[in-house]
Amino acid sequence: MTTALYSLCAAGAWVAAGYKLSATRKLRDPTVAAVCVTLALMGMVFTASIPPLRVWLDHQLTSVNLGVLLTLLCVVAFSTSAQVMLLLWTNTPENARGAVRNRLIALAGVVVLITVLYLGAHPGPHDHSFSRSSAGSLGYAACLLIYLAALGIAMLAIARLGWRYARLTGRPLVAHGLRLAAAGATLVLAYCVYRLGTLVGSWLGSDMARLETLSRFIAGNGALLIMLGLTLPSWGPLFVHGFDHLRRYARYQRLHPLWLSIVAERHPELVLDRSTARALRRFAPGELDFRVYRRIIELFDARLALRPYIDPAARERARRLTRHLDEHERSAIVAATELRSAVRAERAGAPADHEPPEAEEAPLDGDVVSALAWWVRVARAYARSGWVAEALAASTDAPADAATPDSPRRPE
Amino acid sequence: MGQPQVSKDGLKRRCRRRLRELEIPDPFDLDRFCASLSERTGRPIRLLALELSPSSPCGMWLSTATTDYVIYQSATDPLHQEHIVLHELSHIACAHSATSVLRTDTAERLLPHLDGDMVHSVLARSHYTQDQEREAELMASLILHRARRDSWAEATPARRVQLSAEDDARIAARIERSLQNPVRCRP
């Protein structure tokens, strides 16, 4: 399981780093570069940690276990890079310069220190993990403590900053990304605490190694969450727009019966383009938006053309029946009643009223998205609203006042 | 519905070519578009919102000796109004010729302050069965469709929490900038 999980983490981190790299070339932005380097180092950590690869690395030198040393150094470098990324987020590049330089000097010192301590501890080539026997050596234990401290500090900082700025950013995807990264950092922090526990436990003679697989599972998933979080704001919009596009297509289709009834059948002269394009072509992004736009304009045109045939009594009844509903729903039901009454009158050859009262005002703010949402409501009410049917039925059966129930029945 | 004399694709191509020649403000602004069109024709353009009776067309282009008047239905949604205005402006941009001359009494009813005799020609938006009408309607649709392209993306919601300090705003902006690239907001 560890091989699969760590391979996934390594592949994910490399893909994420490469993906971000395409932006760095263009922007030359140090904050983007820091995100990129952090992801790449994460890729290094997990690549060096994939068990078969680590065993192979371990056996490259006869006297020293190279794989563990490489992992330790990569983790410390990753922790430093994450701290630099946070410094560049929280400071201007000019202000961050000094602190970044200090971190890099500290990293160089720590790299030397770990290497010296590690080589002094002489861990054997077959010692593939941070096992109890390894921790028995003081030099190696010091290496592990430095490694845990560096990782722990970086994860704590990511978690704190992530949770805080997830609330402060106005961009939903950045907020979700920061939350994911913070959650991942919290998991890795839990791994650090566990690792510290096993180290202290080994000194006290206690055995906590049974949780080894679980701890790797937690660390791997924590890292996956961090890389997902750091890249979500980049690739998330593709998914969001894909979802929006599907939703728009569904709404466009929902307008079709209404469009057929009031535009294509009653006022075909208002149709600009009766194209019978295939569904796939209709679904293409630019084409769909244009079609949605045309459909909305033709529906507005037909609404104006039908205005002289509106039955004012039916409209008044619809207004009374729906006065308890919210503005959008109410206006859509009233508009649907107007349209149904007008289509009925026009079809029956009723005389047109040349000075009709204004049609029900739609609570729209002039943009296509709200117009589409409103027309979808109208189309739904036109097809199957109980309120509309009631308002129309009463106009032939009973006086207007008798049609108003004391407690209105909710339509299907 | 009458048959168009120009093929649909041919018309679309012609409209797109005309659009490239026109200066269309980005972001779109109707007043600026009017001003640039007016500069192009050398004639002032005036937009007039009137509550037109249902038997009248919902938009008209009235051409007098000196001025182009665009009259549009006020009793409809703002999006529809903007579209009607653009349809008439497209007639002006395409230099369409009027098919009918407005009767003096109709002109006086619509524009009491205008001398009806001064009105040279009128083009009305009521249906799209003639080539000129189809062309103007398609132009208007293409202009507004392009102009509204960005409005498809959901607006960025307001920050839910008041930022405690200016620093927080800068930090949030830096985080957003570093994480949001490289994919553009719109595919």
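Is A:Arg295 buried or exposed, and how many C-beta neighbours does A:Arg295 have inside 10 Å? A:Arg295 counts as buried, because 20 C-beta neighbours lie inside 10 Å and the cut-off for a buried residue is 20 or more. Please keep in mind that this is a predicted model. Chain A has 15 helices and 0 strands, while chain B has 6 helices and 4 strands. Let's walk through both chains, and then through some helix pairs and single residues.

**The two chains**

- Chain A has 412 residues, and 46% of them count as buried.
- Take the contacts in chain A with a separation of 6 or more: residues 24 or more positions apart account for 76% of them.
- Chain B has 187 residues, of which 37% count as buried.
- In chain B, 64% of the contacts between residues at least 6 apart in sequence join residues at least 24 apart.
- If you trace chain B along its sequence, you meet the pattern α-α-β-β-β-α-α-β-α-α.

**How confident is the prediction for chain A?**

- The mean pLDDT of chain A is 83, and 85% of its residues reach 70 or more.
- Residues 398-412 of chain A are a stretch to read with care, since pLDDT is the predictor's confidence in each residue and stays under 50 there.
- For residues 398-412 of chain A, the model has 18 contacts beyond four places in sequence.

**Helices H5 and H7 of chain A**

- Two packed helices are described by the angle between their axes and the distance between the axes.
- Helix H5 of chain A covers residues 93-121 and helix H7 of chain A covers residues 138-168; they pack at an angle of about 150 degrees, with their axes 7 Å apart.
- H5(A) and H7(A) are therefore roughly antiparallel to each other, as angles over 145 degrees count as roughly antiparallel.
- The crossing in which H5(A) passes H7(A) is left-handed.
- On the H5(A) side, the contact is made by A:Val110, A:Leu113, A:Ile114, A:Leu117, A:Tyr118, A:Gly120 and A:Ala121.
- H7(A) contributes A:Gly139, A:Tyr140, A:Ala142, A:Cys143, A:Ile146 and A:Ala150 to this contact.
- Sorted by class, the contact of H5(A) with H7(A) has 11 nonpolar, 2 polar and no charged residues.

**Helices H12 and H13 of chain A**

- Helix H12 (residues 312-321) of chain A packs with helix H13 (residues 327-347) of chain A at an angle of about 160 degrees, and their axes are 9 Å apart.
- H12(A) and H13(A) are therefore also a roughly antiparallel pair.
- H12(A) and H13(A) make a right-handed crossing.
- From H12(A), the residues A:Ala314, A:Arg315, A:Ala318 and A:Arg319 meet A:Ile333, A:Val334, A:Thr337, A:Glu338 and A:Ser341 of H13(A).
- The residues in the contact of H12(A) with H13(A) divide into 4 nonpolar, 2 polar and 3 charged.

**Helices H2 and H3 of chain A**

- Helix H2 (residues 30-49) and helix H3 (residues 51-58) of chain A have axes that come within 5 Å and cross at roughly 75 degrees.
- H2(A) and H3(A) are therefore roughly perpendicular to each other, because angles of 65 to 115 degrees count as roughly perpendicular.
- A:Thr47, A:Ala48 and A:Ser49 of H2(A) make this contact with A:Leu53, A:Arg54 and A:Leu57 of H3(A).
- By class, the contact of H2(A) with H3(A) has 3 nonpolar, 2 polar and 1 charged residues.

**Single residues to look up**

- You can find A:Arg295 in helix H11 of chain A, which covers residues 285-306.
- Leaving aside residues up to four places away in sequence, A:Arg295 touches A:Tyr252, A:Leu255 and A:Trp259.
- A:Arg295 and A:Leu272 are 23 residues apart along the chain, and their C-alpha atoms are separated by 9.5 Å.
- A:Leu270 sits in the loop between helix H9 (212-264) and helix H10 (279-283) of chain A.
- A:Leu270 is buried, with 23 other C-beta atoms within 10 Å.
- From C-alpha to C-alpha, A:Leu270 and A:Ala305 are 9.5 Å apart in space, with their positions 35 residues apart in sequence given as the separation.
- In chain B, B:Ala95 is in the loop between helix H3 (78-93) and helix H4 (104-110).
- B:Ala95 is not a glycine, although its phi is positive, at about 55 degrees.
- B:Ala95 is exposed, with 7 other C-beta atoms within 10 Å.

Methods: Residues are numbered from 1 along each chain as its sequence is written. Chains are lettered from A and ligands numbered from 1 in the order in which they are written. This is a predicted model: local features need pLDDT of at least 70, side-chain atom pairs count only at pLDDT 80 or more; totals for chains, interfaces and linings use all residues. Helices (H or I, at least four residues) and strands (E, at least two) are DSSP runs, numbered from the N terminus. A residue is buried if 20 or more other C-beta atoms lie within 10 Å of its own, exposed if 12 or fewer, and partly exposed in between; C-beta atoms are placed from the backbone. Two residues are in contact if their C-beta atoms, placed from the backbone, lie within 7 Å. Axes are lines fitted to C-alpha atoms, for helices over the stretch in contact, and angles run from 0 to 180 degrees between N-to-C directions. Angles under 35 degrees count as roughly parallel, over 145 as roughly antiparallel, 65 to 115 as roughly perpendicular and the rest as oblique. A crossing is left-handed if the near helix is turned anticlockwise from the far one by less than a right angle, and right-handed if clockwise. Ala, Val, Leu, Ile, Met, Phe, Trp, Tyr, Cys and Pro count as nonpolar, Asp, Glu, Lys and Arg as charged, and the others, Gly among them, as polar. pLDDT is the predictor's confidence in each residue, from 0 to 100.
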